[in-house]
Amino acid sequence: MDLAFKLHIISTCALIGLIWIVQIVHYPSFYFVEDKRFVEFESFHKKSITTIVLPLMVTELVTGLVLLYFNRGVIHGINSLSIILIWLSTFFISVPLHDKLSQTKSREDISNLVSTNWIRTVLWSFRGVFIYHYFL
């Protein structure tokens, strides 16, 4: 379980750093990509970011659930719930917006992507404070 705990902390910390870069720099940069190259850019973005984010998110989820299984209680329940909320936000809000942007550049969809990504940014930031306070 010590390995699960370490992997959990590492994956969460990596995701916190990544989400802030995406929120403050990367997603807003979508506005500056030329219309004629945007679909190509979005395709590149989805493939590239997935190779970084998916293994980290899966590691965070699996290790969070392992920690919950071996340490039942409110703290680990809140930890796992926050991970599940991030996954729900990702797959029911962010992924559909990226799917739309894969078809055409839309300032409205980019704006929605930036604004709704605050859900994940806040949740991962909460996770960092929560983990630091209760686990370290």
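Biologist: Is phenylalanine 130 buried or exposed?

Modeller: In this predicted model, phenylalanine 130 has a relative accessible area of 7%, and it counts as buried because the cut-off for that class is under 20%.

Biologist: And what about tyrosine 134, buried or partly exposed?

Modeller: Tyrosine 134 comes out at 45% relative accessibility, so it is classed as partly exposed.

Biologist: How far apart are phenylalanine 130 and tyrosine 134 along helix H4?

Modeller: They are 4 residues apart in helix H4, which means that about one helical turn separates them.

Biologist: Why is that ring pair called tilted?

Modeller: The ring centres of phenylalanine 130 and tyrosine 134 are 4.8 Å apart with the planes at 50°, and the pair is tilted because that angle is neither under 30 degrees, as stacking would need, nor over 60, as an edge-to-face pair would need.

Biologist: Which residues form an aromatic cluster there?

Modeller: Phenylalanine 130 and tyrosine 134 belong to one aromatic cluster together with Phe5, Phe126 and Phe135.

Biologist: How many aromatic pairs does the count come to?

Modeller: The count comes to 11 aromatic pairs, and one of them joins tyrosine 69 and phenylalanine 70 in an edge-to-face arrangement, with 5.0 Å from centre to centre and 90° between the planes. Tyrosine 69 and phenylalanine 70 are both exposed.

Biologist: Stepping back, how many helices and strands are in the protein chain?

Modeller: The protein chain has 4 helices and 0 strands, and from the N terminus the order of elements reads α-α-α-α. Along the principal axes, the C-alpha atoms fill a box of roughly 50 × 25 × 20 Å.

Biologist: What share of the 136 residues is buried?

Modeller: Buried residues account for 41% of the 136 residues in the protein chain. As for contacts, if one takes those between residues at least 6 apart in sequence, 79% of them join residues at least 24 apart.

Biologist: Which residues touch the most other members of the largest nonpolar core?

Modeller: Those are Phe30, Phe38, Met57 and Trp124, out of 24 residues in the largest nonpolar core, and the elements giving two or more residues to this core are H1, H2, H3 and H4. In soluble globular proteins, nonpolar side chains tend to be buried together.

Biologist: What is phenylalanine 30 in contact with?

Modeller: Once neighbours within four places in sequence are set aside, the contacts of phenylalanine 30 include Phe38, Phe41, His45, His98 and Leu101, and also Glu42 and Lys105.

Biologist: Changing topic, what volume does the largest pocket have?

Modeller: The largest pocket has a volume of about 390 Å³. It is lined by 21 residues, of which Ile49, Thr50, Val53, Thr90 and Arg120 are the closest to its centre, and the elements that contribute two or more residues to the lining are H1, H2 (35-70), H3 (74-101) and H4 (107-135).

Biologist: How many nonpolar, polar and charged residues are in that lining?

Modeller: By class, the lining of the largest pocket holds 13 nonpolar, 5 polar and 3 charged residues.

Biologist: And serine 89, what is it in contact with?

Modeller: Apart from its neighbours within four places in sequence, serine 89 is in contact with Ser94, Ile119 and Arg120. Serine 89 lies in helix H3 and is buried, with a relative accessible area of 4%, while its C-alpha is 9.9 Å from that of leucine 123, a residue 34 places apart from it in sequence.

Biologist: Where does histidine 8 lie, and what does it touch?

Modeller: Histidine 8 lies in helix H1, which spans residues 2-29, and its relative accessible area is 0%, so it is buried. Not counting residues up to four places away in sequence, histidine 8 touches Glu60, Thr63, Gly64, Leu67, Asn79, Ile83, Arg127 and Ile131.

Biologist: How far apart are histidine 8 and arginine 120 in space?

Modeller: From C-alpha to C-alpha, histidine 8 and arginine 120 are 17 Å apart, with their positions 112 residues apart in sequence.

Biologist: Last one, where does asparagine 71 lie?

Modeller: Asparagine 71 lies in the loop between H2 and H3 and counts as partly exposed at 23% relative accessibility. Asparagine 71 and phenylalanine 92 are 21 residues apart in sequence, and their C-alpha atoms are 29 Å apart in space.

Note on methods:
Residues numbered from 1 in each chain as written. Predicted model: local features only at pLDDT ≥ 70, side-chain atom pairs only at ≥ 80, totals over all residues. Heavy atoms only, no water. Buried < 20%, exposed > 50% of the residue type's maximum accessible area, 1.4 Å probe, protein only. Contact = heavy atoms within 4.5 Å. 1 Å grid on protein atoms, 1.4 Å probe; cavity = no way out; pocket = protein on both sides within 12 Å on 5 of 7 lines; lining within 4 Å. Points joined across faces, edges and corners; volume = space filled by probe spheres on them. Nonpolar A, V, L, I, M, F, W, Y, C, P; charged D, E, K, R; others polar. Core = buried A, V, L, I, M, F, W, Y, C linked by side-chain atoms within 4.5 Å. Phe/Tyr/Trp six-rings, centres within 6.5 Å; stacked < 30°, edge-to-face > 60°.
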